[in-house]
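This report considers the structure displayed below. It is arranged under short headings for readers who wish to consult single regions.

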Amino acid sequence: MTTETRSTCAYCGVGCGVIIESADGRITDVRGDAEHPANFGRLCTKGSTLHLSAQTGARARYPELRRRREDERVRVDWDSALDFAAERFAGIIEAHGPDSVAFYVSGQFLTEDYYVFNKLAKGLIGTNNIDTNSRLCMSSAVSAYKIALGADGPPGCYEDIELTDCVLIAGSNMAYAHPVLFRRLEEARERRPQMKIIAVDPRRTDTAASADLHLAIQPGTDVALFNAMLHVLLAEGLCDLDHIADHSTGFDALRELVANYAPEIAAKICAVRSEDIRTAARWFGQSKAALSLYCQGLNQSIHGTDKNLALINLHLATGQIARPGAGPFSLTGQPNAMGGREVGGMATLLSGHRDLANPVHREEVARLWGVPSVPATPGKTAVEMFEAVRSGEIKAIWIACTNPVHSMPQQARVVEALRRAEFVVVQDAFHTTDTTAFADLLLPATSWGEKGGTVTNSERRISRVQAAVAAPGEARHDWRIGVDFAHRLATRLGHDGTPLFPYERPEQIFNEHRESTRGRDLDITGLSYALLETRGPQQWPFPDGASVGKAWLYEDRCFATADGRARFTATPYLAPAEEPDSEYPLRLTTGRLRDQWHGMSRSGTVARLFSHVEAPALAMHPHDLRIRGLQAGELVRVANARGELILPVEADESLLRGQVHLAMHWGAQFMNGAGSNALTSSAFDAQSQQPELKHAVVQVSRFEAPRQIVAMRSAETIDEALARLDAVRPLLKEAPYASCVLHGRDRPVLVYRAASPQPIASALIERLDRALDLHEHHATMAYDDARRNVSKHALVCDARLLAVRLVGEIAAADWLKELMASESALPSAGAWMLAPVSRPLAAQDLRGRTVCSCLDVSENDIRGAIDAGANLSTLQMTLGCGTGCGFCVPEIKRMIVARAPATTAERA
Ligand code: SF4
């Protein structure tokens with residue numbers, strides 16, 4: 001019998017509601033929750049395939065322990081695992097003090113998980129060394145909200161998207177990163193075509209292409225742009241001087257500063273037209289309601305706080321804040337980054353939005369927890385924490401629900417830190433992340449669909465998360481692992497841990513957290529699990545006695561500062577951490593793919609999520625390709641002083657000249673190399689401690705590697721494909737360029753590609769053949785020509801190609817890949833195999849990448865129809881693309897524009 005369970009999506013900060021279907025203890029399907037106010041039933045490609053990622057072979061199921069560094073990890077029971085961890089932590093704390101240990105947790109924790117780990121570090125051990133991957137994501141937005149408005153939290157809500165007249169999207173490719181909200185914005189504009197959309201982004205992303213005005217600024221120059229917009233607003237009388245006088249402080253210094261930012265000056269810094277800056281300012285200032293939506297393009301910068309503040313200045317100066325349709329709205333990246341901020345689960349915060357630096361706040365928290373004190377010394381923030389591990393100052397680190405070996409900047413240092421650490425605990429739902437390799441103790445955690453608690457989305461809305469099925473193997477809930485460890489550690493440190501961690505159910509933790517918010521800006525004393533379950537998700541604040549949460553903060557114009565006034569900050573433009581020079585002449589920016597999530601530990605287990613973008617590649621403007629004599633598809637070496645990657649390069653006109661772009665998802669699980677963070681800098685914002693993950697300078701040169709190998713294996717199930725991926729992964733390091741990804745939909749295909757300047761080593765070929773069942777198999781067909789260094793082996797069963805390995809001559813690879821994924825019969829079994837040159841199909845004869853994931857419609861089918869005269873609605877009617885979740889619509893529109901520039905308007 002199928003059971004339905006109401007919960008939320010595990011991926012981004014939009015926080016969509018889902019209904020999980022399960023039967024016989026397994027998750028069988030997922031759909032959007034029509035009653036959830038974040039998505040009203042919608043899900044994007046990632047959310048709608050969540051069920052395919054549940055309980056796969058990539059899951060960690062049992063604790064594994066390595067007692068000595070030179071040993072392999074072996075399976076142990078939970079008691080042994082936690083006793084060992086408590087012993088090691090207690091020993092290190094007793095010998096070196098509480099600050100010799102650290103916890104690095106995650107915006108993907110539920111609020112209850114976060115609460116327990118925060119209390120464990122600060123309340124039991126007495127260290128503030130707990131930070132989170134939210135430091136890499138939202139901390140600049142937090143700093144700016146606190147400086148400007150007095151408290152953390154976006155003042156508006158999603159409904160603003162329907163109510164606004166002008167949307168300024170800055171540093172966010174919403175169409176990919178927050179797709180359900182972007183769809184909501186597109187629909188709002190269809191209903192109200194007079195709405196203006198301005199996009200600020202160095203790249204012409206799908207979001208930027210949909211805007212009425214795209215300001216393609218040079219990376220990192222946002223502050224100059226916002227200052228110039230304020231200059232125009234002042235010059236043209238579009239500021240609300242009464243609002244400024246009555247409800248803010250600090251405007252005079254800002255006015256003086258922006259006098260120096262005439263649009264013509266900013267235009268030179270930003271490399272955009274001064275007239276466009278004026279237009280943006282006018283649209284923003286003349287609109288009845290102006291909303292800004294922003295994300296990592298502002299946050300992940302050494303001037304992230306200033307970028308946020310300069311944007312908030314625009315809202316405060318025009319009174320475009322704290323009313324329907326208006327306000328500065330930071331879009332949170334992770335599903336529960338907000339919840340982590342609420343419980344103060346960071347090195348610089350305390351529970352209930354309290355400040356660590358405030359002695360009264362420390363005392364309040366100590367009283368709430370029933371401990372003598374909370375330490376005053378600030379903890380190490382993410383970059384500082386791993387540096388302290390590297391230097392030996394921190395000796396033991398507990399990493400939960402996150403993958404810093406992939407996501408931290410300047411990765412080589414993080415790897416070095418974990419190699420040097422005395423003891424590394426990794427608590428994760430997946431055993432496949434780049435970080436688990438460094439775990440002395442691996443603790444399996446429950447994940448989406450298996451655990452219960454609460455999360456808070458980008459609009460301050462708290463939802464219940466519910467379990468649909470039991471934990472796989474011996475996996476435990478994150479909060480439970482924290483509590484079980486805390487009890488053991490307390491005993492070894494000579495305390496009784498039970499009064500501090502009395503929890504048997506997550507609801508008890510929620511109730512304690514709720515109490516910590518009493519009287520605070522985020523007061524949720526009126527909420528309970530029962531209320532969230534019966535009345536649905538609610539926004540904070542929701543104090544005792546309230547019947548509804550607050551959609552808009554500060555509606556009374558009383559901000560959360562001591563004097564109730566918002567604060568302007570004079571924000572001079574400062575250059576990014578690095579600028580191009582003769583050695584590193586190109587700017588590298590990093591960003592997201594539509595169908596992948598973070599380090600791909602979950603989304604990388606779903607074959608169809610590779611169909612939009614199959615493998616890592618460096619995007620470069622065609623002009624830059626030309627002047628380097630490069631062809632799209634060639635291998636290049638992209639490098640700077642911190643590291644290098646060997647990748648194929650692709651032409652991308654969405655970039656400005658002088659820039660290259662790399663998706664942040666790819667890492668050592670899918671390529672030879674650490675991904676974009678091999679190149680990024682660990683320089684961070686002085687106020688938010690958020691590192692500059694978005695931008696670095698690099699050089700790019702051709703990498704000659706004419707010897708190529710492609711090996712593919714179709715699998716009956718995703719678990720079989722993932723097991724083969726595990727077997728092939730070690731071979732990624734066997735050639736300078738190598739990638740290994742999944743392909744297909746119902747029948748996953750593993751695709752391994754490698755290239756080398758030297759002949760492909762016979763040992764690599766043999767290991768691949770073994771991993772893919774091509775080795776001496778009775779059904780293997782072979783063509784070997786040692787003179788030409790060509791070798792092709794294939795495994796064919798019932799006229800179906802099950803596996804193939806091509807060395808030296810790989811022209812047929814894409815065709816064979818599509819054949820395997822579609823389970824089609826070989827046209828004439830074996831004939832192609834024996835031919836001296838495999839006949840490649842022309843690109844247009846291949847299916848190509850998938851644009852519409854819901855209806856499985858390929859790029860080439862769409863192109864063909866466009867060339868035959870189709871517009872968007874014809875495409876939707878004939879091919880069905882864009883009629884499912886609708887998230888491919890911006891891309892289809894872009895394809896129509898690209899194919900038929902003369903008739904763009906009416907066809908797109
Ligand atoms: Fe999940 Fe975000 Fe997609 Fe919603 S928009 S389904 S929360 S990934």
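The sections that follow take up the domains, the ligand shell, selected helices, selected loop residues and backbone geometry.

## Model and domain layout

The structure is a predicted model. The protein is divided into six parts: domain 1 covers 3–53, domain 2 covers 76–137 + 339–539, and domain 3 covers 151–330. Further along the chain come domain 4 (586–702), domain 5 (707–841) and domain 6 (850–907). Between the C-alpha centres of domain 1 and domain 6 the distance is 27 Å.

## Ligand surroundings

Around the ligand stand C9, Y11, C12, V14, G15, C16, L43, C44, K46, G47, P179 and V180. Sorted by class, this shell consists of 9 nonpolar residues, 2 polar residues and 1 charged residue.

## Helices 12, 14 and 30

Helix 12 comprises the 13 residues 274–286. At 1.5 Å a residue it should span 18 Å, and its end C-alpha atoms are indeed 18 Å apart, so the two values agree. Its buried residues are S274, D276, I277, R278, T279, A280, A281, F284 and G285.

Helix 14, residues 304–318, has 15 residues and extends 22 Å from its first C-alpha to its last, close to the expected 21 Å. It is mostly covered, with 15 of its 15 residues buried. G319, just after helix 14, adopts a positive phi of about 70°.

Helix 30 (residues 889–899) contains M895. M895 has a relative accessible area of 7% and is therefore buried, the limit being under 20%. Beyond four places in sequence, M895 touches V851, E859, I862, R863 and I866. One of these partners, R863, is 32 residues from M895 in sequence, while their C-alpha atoms are 7.4 Å apart in space.

## Buried polar residues in loops

T446 is located in the loop between strand 18 (441–444) and strand 19 (453–456). Its relative accessible area of 3% places T446 in the buried class. The side chain of T446 forms a polar contact of 2.8 Å with the side chain of H477. With neighbours within four places in sequence set aside, the contacts of T446 are R59, A429, K451, A471, A475, R476, H477 and D478.

N128 occupies the loop between helix 2 (111–125) and strand 7 (130–132). With 1% relative accessibility, N128 counts as buried. The N128 side chain reaches the backbone oxygen of P375 at 2.8 Å. Not counting residues up to four places away in sequence, N128 touches several residues, including D99, K122, A347 and L356. Also in its list of contacts is the run V374, P375, A376, T377, P378, G379 and K380.

## R602 and its contacts

R602 is found in the loop between strand 23 (586–591) and strand 24 (618–620). Is R602 buried or exposed? R602 is buried, because its relative accessible area of 9% falls under 20%.

Apart from neighbours within four places in sequence, R602 is in contact with A10, Y11, L50, S53, F430, S447 and W448. Y11 also belongs to the residues that surround the ligand. The side chains of R602 and S53 are joined by a polar contact of 2.9 Å. R602 and T432 are separated by 170 residues in sequence, yet by 9.6 Å in space from C-alpha to C-alpha.

## Backbone geometry in loops

Most residues other than glycine have a negative phi, and most peptide bonds are trans. Several positions in this model depart from that pattern. The peptide bond from W540 to P541 is cis, with omega near 0°. P541 lies in the loop between strand 21 (538–539) and strand 22 (566–567).

R557 is found in the loop between strand 21 and strand 22. Although R557 is not a glycine, its phi is positive, at about 65°. R557 has 15% relative accessibility and so counts as buried. D773, likewise not a glycine, has a positive phi of about 65°. The position of D773 is the loop between helix 25 (762–771) and strand 32 (780–785). At 28% relative accessibility, D773 counts as partly exposed.

How values were computed. Residues are numbered from 1 along each chain as its sequence is written. This is a predicted model: local features need pLDDT of at least 70, side-chain atom pairs count only at pLDDT 80 or more; totals for chains, interfaces and linings use all residues. Side-chain values use heavy atoms; hydrogens and water are left out. A residue is near a molecule or strand if one of its heavy atoms lies within 4 Å of it. Ala, Val, Leu, Ile, Met, Phe, Trp, Tyr, Cys and Pro count as nonpolar, Asp, Glu, Lys and Arg as charged, and the others, Gly among them, as polar. Domain bounds come from an automatic or database domain assignment. Helices (H or I, at least four residues) and strands (E, at least two) are DSSP runs, numbered from the N terminus. Buried means under 20% relative accessible area, exposed over 50%, partly exposed in between (1.4 Å probe, protein chains only). A polar contact is a pair of N or O atoms within 3.5 Å; within protein, one must be able to donate a hydrogen and the other to accept it, and residues adjacent in sequence count only if both atoms are side-chain atoms. Contact means heavy atoms within 4.5 Å. The expected span of a helix is 1.5 Å times one less than its number of residues.
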